[in-house]
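These are my comments on the structure you sent, set out as numbered points for discussion.

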Amino acid sequence: CTPDDYVADMRQTAEKLHVPFVDAGQIFREKIDDIVAGKIYPVELEFYKNLYGVEAMTRDWRLYVTTDGCHPNRVGHSLIADALAVAVTSTFGR
């Protein structure tokens, strides 16, 4: 839910500081098909299907990765953590 210009500023700042940048919104959009198909985080997917209902999730894909269309849920936080782990280890080593 972060405005594109704000994301661009964060990306630019990360580049200037030579630190990793992870765009959660981009990751969510890239991974949504695998989440919906149950290929990743299937246990969490079932939790949210029971919580929101499949119809609500179908109407708003963001419920697969957020609690309210903006703030990450368990799936969203897991995706962010996975991406941060890759970004940090690839940048700074293990």
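1. What volume does the largest pocket have? In this predicted model, the largest pocket has a volume of about 420 Å³. The elements that contribute two or more residues to its lining are helix 1 (4–17) and helix 2, and helix 2 provides the largest share, namely five residues.

2. The lining of this pocket is made up of 20 residues, and those that lie nearest its centre are Cys1, Thr2, Asp23, Ala24 and Gly25. Sorted by class, the lining holds 11 nonpolar, five polar and four charged residues.

3. Asp23 deserves a separate comment: this residue sits in the loop between helix 1 and helix 2, and it counts as buried because its relative accessibility is 15%, under the 20% cut-off. The side chain of Asp23 reaches the backbone nitrogen of Gly25 at 3.1 Å, and, with residues up to four places away in sequence not counted, Asp23 touches Val7 and Arg11.

4. Turning to the interior, the largest nonpolar core has 16 residues, of which Ile35, Met57, Tyr64, Val65, Val75 and Leu79 touch the most other members. At least two residues of this core are supplied by each of helix 2 (24–36), helix 3 (42–52), helix 4 (54–59) and helix 5 (74–92).

5. For Leu79, one of those core residues, the contacts beyond its neighbours within four places in sequence are with Ile27, Phe28, Lys31, Ile35, Ile40, Tyr41 and Val65.

Technical notes
Residues are numbered from 1 along each chain as its sequence is written. This is a predicted model: local features need pLDDT of at least 70, side-chain atom pairs count only at pLDDT 80 or more; totals for chains, interfaces and linings use all residues. Side-chain values use heavy atoms; hydrogens and water are left out. A nonpolar core is a set of buried Ala, Val, Leu, Ile, Met, Phe, Trp, Tyr and Cys residues joined through side-chain atoms within 4.5 Å. Buried means under 20% relative accessible area, exposed over 50%, partly exposed in between (1.4 Å probe, protein chains only). Helices (H or I, at least four residues) and strands (E, at least two) are DSSP runs, numbered from the N terminus. Contact means heavy atoms within 4.5 Å. On a 1 Å grid over the protein atoms alone, a cavity is a set of points where a 1.4 Å probe fits but cannot get out, and a pocket is an open set with protein on both sides within 12 Å along at least five of seven lines; lining residues have an atom within 4 Å of a point. Grid points are joined across faces, edges and corners, and a volume is the space filled by probe spheres set on the points. Ala, Val, Leu, Ile, Met, Phe, Trp, Tyr, Cys and Pro count as nonpolar, Asp, Glu, Lys and Arg as charged, and the others, Gly among them, as polar. A polar contact is a pair of N or O atoms within 3.5 Å; within protein, one must be able to donate a hydrogen and the other to accept it, and residues adjacent in sequence count only if both atoms are side-chain atoms.
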